[in-house]
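Welcome, and please open your viewer. We will go from one selection to the next, with a short note on what to look for at each stop.

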Amino acid sequence: MSAAAQDSARPAGRDPGFLKRVWAMVVKEFVQMRRDRMTFATMLFIPILQLTLFGYAINTDPKHLPTAVLTRDDGPLTRAVLAAMKNSDYFAFTRQVRDPAELDAMLRSGAAQFAVEIPASFERDVRRGDRPSLLVIADATDPVATGTAIAAMQGLIDTALRRELRGPDAAVEARAPPFALTLQRRYNPEGLTQYNIVPGLLGVVLTMTMMMFTALAVTREIERGTMESLLAMPIRPVEIMIGKIAPFVLVGFVQMTIIIGAASYLFDVPIRGSVGLLVLLSTLFAAANLAVGYTFSTVAENQLQAVQMTFFFFLPNILLSGFMFPFRGMPQWAQVIGEILPLTHFMRIARGIMLKGNGLADMRLDVLALVIFLVAAMGLALLRFRRTLD
Amino acid sequence: MTKEIAIDVHGLTKKFGDRTVVHDLSLQVPKGEIYGFLGPNGSGKTTTLRLLCGLLTPDAGEGTCLGYDILTQQDEIRRHVGYMTQRFSLYTDLSIRENLEFVARVYGVPNPREAAKGAIARLGLTGRAEQLAGELSGGWKQRLALGACILPNPQLLLLDEPTAGVDPKARREFWDEIHSLAAEGITVLVSTHYMDEAERCHELAYIAFGNLLARGTAHELIAQSGLRTWVVSGPGLHDLAMRLDHRDGIGMVAPFGNELHVSGRDHKKLDAAIAEAKKEDGAHRWTRGEPSLEDVFILLMDQVKDNFQ
């Protein structure tokens, strides 16, 4: 290299000025942004995800709510009432049941959100003008989900009966209304929002914190360079995983205690079922989330990516699980996604135990879903976890 | 009497994609020896160490470490080999004691607390046991990492550039420790860039572009190279170096402080080129010198570059 060339390669020693320095920084940031695919994906994916979920999936006026029917009368008036309810689009009759116990069971398990009981001799009593009582039970754990359907109910049954009662029974029709609608808002008669939110919050808090803790677990070791020597030690992947998850189960336990305590003492949310069962299943749920976070941890290349993945997972969990918006208000595809998410099942479990006093038998499907989820996430994490650096 | 062999591998090959990082490498390291592993950055030293301790699976080749098959008995190897990574790999947010106790527990050392306490005393860190590992200076970090490595009593140590960025005194102490470990019968395979360290090894292997190019003791390597070196002193050495470089017969020109080492393999051509240079400019003092290990390695590296690029 000649002396002249060396001189020109040195900085001129002039102050390049504010704009040029800013420009230098801007160029560097853009280059780095382009390299970081995950951040790039976040920038595009987050708005699309939010638009889809908020725009298409959320609906606070749910239709086709599963309704169980117990009819002890099968006259034309009964049929007219049922037909009118069905035609209103608010109710979808899932099953004719034979006894009230079955009706209760369906409401407890969440298989039905409404139950209609039409008493024996309904037909006769209406035509006589005795104003028989029509019992409608709504699962009011989520007041929003059943609100509009309840509001529509009185009017639509009334109209249906009046249509049937023309002619010889016109006299009955003239008086208003020909029946007494007994509406029971079961589990949450006062329609208190906190009854619905606080048990749900237990799930949301556990999801958010548990997942975040373990999502960082493996990536932190990789980023700090401790992974390499950890892998060279005589410790198995499953031992590393359990060792990393276990401490946070304890953290989850503390969080549970705080939330359940607050639910009971601050928000006056009843705990009708077994506290022990609630704690047990919350622990199962916490473990499932820890396993998901750990799986993310084995996929992500750095801690930032792990946090981004957690966020991607958290967003649909909170929107599609029935925590913020009624589950049954969502279109079919969103409900299918919702069924895959652990929070959806835990939401039902927590509300079920606290508000409905459910036992294990009422929620076996949801518990099974959580167990499957836990096993699948752990299995995936172990598959993903490389014992070598290949 | 033949010495017991600690590492015995043949034809090790490792590819990342279509890039061959280690190519057909064979290595025998006798028990209790300090074996130096040299080579430029990216030559495959770290990859080889990782292949030996089971962190990577070779694409071809076979062999044993401490008698355990590197392909099938990786769990045994993990238990008996101490691997010290290039980057500090203890937990910076754990204290010295906590780090050592963790290692002791993972390896199933009986009474981890006592074992850690003993290691701390040996390291001369008593009184600083509760200090966070991340707060230690570079030299202490390396000594602690070595201490953690030998805590479970391994029979083989794989050290990947253990003294990179460490001051000379700390390096000296580190190497004293390595020598006393070898005296106890522990085999040490250590990669390094420092020539003074290379000279402290019992035997050396030079690797470049994944190929093992030369091995032997430092003296053997210098003798094998057939290199002749002239040492020049005087004014304007930088300009002289510019002029001499790439002349026929001159293999290499390297500045060493106020001297210039001019070396070549073809002794006749080298002497001729130097006679030429003396004629051009009488201001310099030329003397015959001994080629250093560094001269040998730089020459080896230049040659491989010609072969592989």
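Before the first selection, one term is needed: a residue is called buried if 20 or more other C-beta atoms lie within 10 Å of its own, with C-beta atoms placed from the backbone. Please also keep in mind that you are looking at a predicted model.

**Stop 1: the end strand of chain B**

Select residues 285–289 of chain B, which form strand E14. How many of its five residues are buried? The count is zero, so by the cut-off above this strand is hardly covered. Now add residues 228–233 of chain B, strand E11. E11 and E14 of chain B run antiparallel and are joined by five bridges. To see one pairing up close, pick Val232(B): its bridge partner in E14(B) is Trp286(B).

**Stop 2: all of chain B**

Zoom out and show the whole of chain B. Its C-alpha atoms fill a box of roughly 75 × 45 × 45 Å along the principal axes. Colour by secondary structure and you can look for eleven helices and 14 strands. Of the 309 residues in chain B, 41% count as buried. Contacts are worth a thought here too: among those in chain B between residues at least 6 apart in sequence, 69% join residues at least 24 apart.

Next, colour chain B by domain. Domain 1 takes in 5–93 + 132–221, and domain 2 covers 228–290. The centres of these two domains of chain B, taken over C-alpha atoms, are separated by 36 Å.

**Stop 3: a six-stranded sheet**

Stay with chain B and find its open sheet of six strands, in the order E6-E7-E8-E3-E9-E10, with mixed pairing. Which strands stand at the edges? They are E6 (81–84) and E10 (211–216) of chain B; each has a single partner strand, so one side of each is left without a neighbour in the sheet. On average, neighbouring strands of this sheet are turned by 15° against each other, direction ignored.

Now select residues 156–160 and 187–191 of chain B, strands E7 and E8. In which sense do they pair, parallel or antiparallel? E7(B) and E8(B) pair in the parallel sense over five bridges. One partnership to click on is Leu158(B), whose bridge partner in E8(B) is Leu189(B).

**Stop 4: helices across the strands**

Add residues 45–52 of chain B, helix H1. Helix H1 of chain B lies across E3, E6, E7, E8 and E9 of chain B, and runs at about 155° to E7(B). Then add residues 218–225 of chain B, helix H8. Helix H8 of chain B lies across E9 and E10 of chain B, at about 115° to E10(B).

**Stop 5: where the chains touch**

Show both chains. Here 13 residues of chain A are in contact with 17 residues of chain B. Helix H10 of chain A, residues 227–231, gives the most to chain A's side of this contact, with three residues. By class, that side has six nonpolar, four polar and three charged residues.

**Stop 6: the two domains of chain A**

Finally, hide chain B. Chain A is divided into domain 1 (65–186) and domain 2 (193–384), and 39 Å separate their centres, taken over C-alpha atoms. Ten residues of domain 1 of chain A are in contact with 14 residues of domain 2 of chain A. On the domain 1 side, helices H5 (100–109) and H7 (143–164) of chain A each supply at least two residues, and H7(A) has the largest share, three residues.

Note on methods: Residues numbered from 1 in each chain as written. Chains lettered and ligands numbered in written order. Predicted model: local features only at pLDDT ≥ 70, side-chain atom pairs only at ≥ 80, totals over all residues. Pairing = 2+ DSSP bridges. Helix = DSSP H or I, 4+ residues; strand = E, 2+ residues; numbered from the N terminus. Axes fitted to C-alpha atoms, helices over the stretch in contact; angles between N-to-C directions. Contact = placed C-beta atoms within 7 Å. Nonpolar A, V, L, I, M, F, W, Y, C, P; charged D, E, K, R; others polar. Domains from an automatic or database assignment. Buried ≥ 20, exposed ≤ 12 C-beta atoms within 10 Å, placed from the backbone.
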